[in-house]
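Trainee: I have a model open and want to go through its local features. Can we take them one at a time?

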Amino acid sequence: MKERTGLVTLMGNPVTLVGDEINVGDKAPNFIVVDNKLTPVELSSFQGKTCIISSVPSLDTPVCDTSTRKFNEQAAELGPDVVLLTISMDLPFAQARWCGAAGIERVQTLSDHREASFGTAFGLLMKEVRLLARAQFVVDKEGVVRYARIIPEVAEEPDLAPVINAAKALV
């Protein structure tokens, strides 16, 4: 599997990303993750919807917690044709607990803990720590990537406006 360096740091330390780079205009690769009830979920199951995908290292960290809460709030203005997915390596049980405590209703949390299918398909698996790099994607109704951004420092909170605006432009 392809490995890429020099793109992301974790607390200032360089990490290796495993998997191919995904760019705007690429067909989004399919992946299989699990929802909070351990049910397998594939990207292809959202065909016909615009998908905003946010990958985070762990919902139980301050930056991921804050950014996912803001993502949930800002997404309220998006219509029902936009699906919001936050994917992490957290166990589904931890994700469900976190969502309940945080009052998350609009964002669907998905776990990549089993096979790192999403992480390797989108080139976001950090080899050194087996967590996902922080990134944002918008996939249109036909499954084409229309926005792609990897956050260079995993510990920094990302600006959500560009990804929200990219999704708005598609609906």
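Trainee: Before the details, is Met11 buried or exposed?

Mentor: This is a predicted model, where local features need pLDDT of at least 70, side-chain atom pairs count only at pLDDT 80 or more, and totals for chains, interfaces and linings use all residues. Residues are numbered from 1 along each chain as its sequence is written, and side-chain values use heavy atoms, with hydrogens and water left out. Buried means under 20% relative accessible area, exposed over 50%, and partly exposed in between (1.4 Å probe, protein chains only). Met11 has 68% relative accessibility, so Met11 is exposed.

Trainee: Where is Met11 found, and what is its phi near?

Mentor: Met11 is in the loop between β2 (9–10) and β3 (13–14). Strands (E, at least two residues) and helices (H or I, at least four) are DSSP runs, numbered from the N terminus. Met11 is a residue other than glycine, yet its phi is positive, near 55°.

Trainee: Which value is phi of Leu38 near?

Mentor: Leu38 lies in the loop between β5 (32–34) and β6 (40–42). At 33% relative accessibility, Leu38 is partly exposed. Its phi is also positive in a residue other than glycine, near 70°.

Trainee: Which residues make a nonpolar surface patch with Leu38?

Mentor: Patch residues have over 30% relative accessible area and no salt bridge; like charges are joined within 9 Å, nonpolar side chains (Val, Leu, Ile, Met, Phe, Trp, Tyr) within 5 Å. Areas come from the Shrake-Rupley method with a 1.4 Å probe, and for residues only the protein chains shown count as cover. Phe93, in helix α2 (residues 92–102), is exposed at 55%. The patch covers about 290 Å², and the partners of Leu38 are Leu91 and Phe93.

Trainee: How many salt bridges does the count come to?

Mentor: The rule asks for a side-chain nitrogen of Lys or Arg within 4 Å of a carboxyl oxygen of Asp or Glu. Lys127 and Glu3 pass at 3.0 Å, and Lys141 and Asp81 at 3.9 Å. Arg146 and Asp140 pass at 2.8 Å. The count is three.

Trainee: How many residues apart are Lys141 and Asp81 in sequence?

Mentor: Lys141 is in the loop between β12 (135–139) and β13 (145–150), and Asp81 is in the loop between α1 (62–74) and β8 (82–88). Lys141 is partly exposed at 29%, and Asp81 is partly exposed at 37%. The pair therefore ties together parts that lie apart in sequence, by 60 residues.

Trainee: In the pair of Arg146 and Asp140, is Asp140 buried or exposed?

Mentor: Arg146 is partly exposed, at 41%. Asp140 has a relative accessible area of 6%, so Asp140 is buried.

Trainee: What arc do the buried residues of α4 cover?

Mentor: Helix α4 (residues 161–168) has Val163, Ile164, Ala166 and Ala167 as its buried residues. Taking directions from the helix axis to the C-beta atoms, they lie on the same side of α4, because their arc is only 160°.

Trainee: How many residues of strand β7 are buried?

Mentor: Thr50, Ile52 and Ser54 point one way, Cys51, Ile53 and Ser55 the other, and all are buried. For β7 (residues 50–55), that makes six of six.

Trainee: Which residue in β12 is the bridge partner of Ile53?

Mentor: Two strands pair if DSSP finds at least two bridges between them. β7 and β8 pair in the parallel sense over six bridges, with Ile52 opposite Leu84. β7 and β12 pair in the antiparallel sense over five bridges. There, the partner of Ile53 is Phe137.
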